[in-house]
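Thanks, everyone. I'll keep this short. Please have a look at the model on the screen.

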Amino acid sequence: MLTSVDADLIRVLGDPLRLRIVTLLARETLCTTHLVEETGAKQTNLSNHMKVLREAGVVETEPCGRFTYYRLRPEVLAGLSQQFAALADSARAAGGNKRACA
């Protein structure tokens with residue numbers, strides 16, 4: 001069963017720019033400058049999205065001089081994936097179940 005935390009994570013990942021950021025970070029650790037270049041987003045907009053992703057626990061930061069690097073936390077996405085897999089298994093098992101209307 002999905003929890004409210006899972007629902008919040010789905011909402012966070014439902015934003016197209018944040019999903020693009022997560023997709024980029026799945027391939028490599030990137031700094032803000034790289035993410036601005038890759039997404040075309042303005043730095044302030046990108047920073048706001050990164051804050052949401054950090055607060056949701058999807059990414060972690062690594063300071064490096066005057067730059068901040070972002071790394072994806074795959075275990076967070078894996079946990080959500082397991083929840084969806086469990087829902088799919090439940091749906092398969094209940095495929096023939098049908099509640100009668102009163």
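Strand β1 pairs with strand β3, residues 67-72. The sense is antiparallel, and the pairing runs over two bridges. One residue pair to find: L30 has Y70 in β3 as its bridge partner. Keep in mind that this is a predicted model.

Now the whole sheet. In what order do the three strands lie? The order is β1-β3-β2. The sheet is open, and its pairing is antiparallel. β1, residues 30-31, and β2, residues 59-64, are the edge strands. Each of them pairs on one side only. As a reminder, strands of a sheet pair through backbone hydrogen bonds.

Next, the cysteines. How many disulfides does a search of the whole structure find? Zero. Take C31, which is in no disulfide. Its nearest cysteine sulfur belongs to C64, and that sulfur is 8.9 Å away. The cut-off for a disulfide is 2.5 Å between the sulfur atoms, so C31 and C64 do not qualify at 8.9 Å.

Is C31 buried or exposed? C31 is buried, because its relative accessible area is 4% and the limit for buried is under 20%. C101 is another story: it counts as exposed, at 78% relative accessibility. The threshold there is over 50%.

Last stop, the surface. Which residues form the nonpolar patch? They are I10, F84 and L87. Together they have about 230 Å² of accessible area. I10 sits in helix α1, residues 4-13. With a relative accessible area of 32%, I10 is partly exposed.

Terms used: Residues numbered from 1 in each chain as written. Predicted model: local features only at pLDDT ≥ 70, side-chain atom pairs only at ≥ 80, totals over all residues. Heavy atoms only, no water. Buried < 20%, exposed > 50% of the residue type's maximum accessible area, 1.4 Å probe, protein only. Pairing = 2+ DSSP bridges. Helix = DSSP H or I, 4+ residues; strand = E, 2+ residues; numbered from the N terminus. Patch = residues over 30% accessible without salt bridge, like charges linked within 9 Å, V, L, I, M, F, W, Y side chains within 5 Å. Areas by Shrake-Rupley, 256 points an atom, 1.4 Å probe, with all protein chains shown as cover. Salt bridge = Lys/Arg side-chain N within 4 Å of Asp/Glu carboxyl O.
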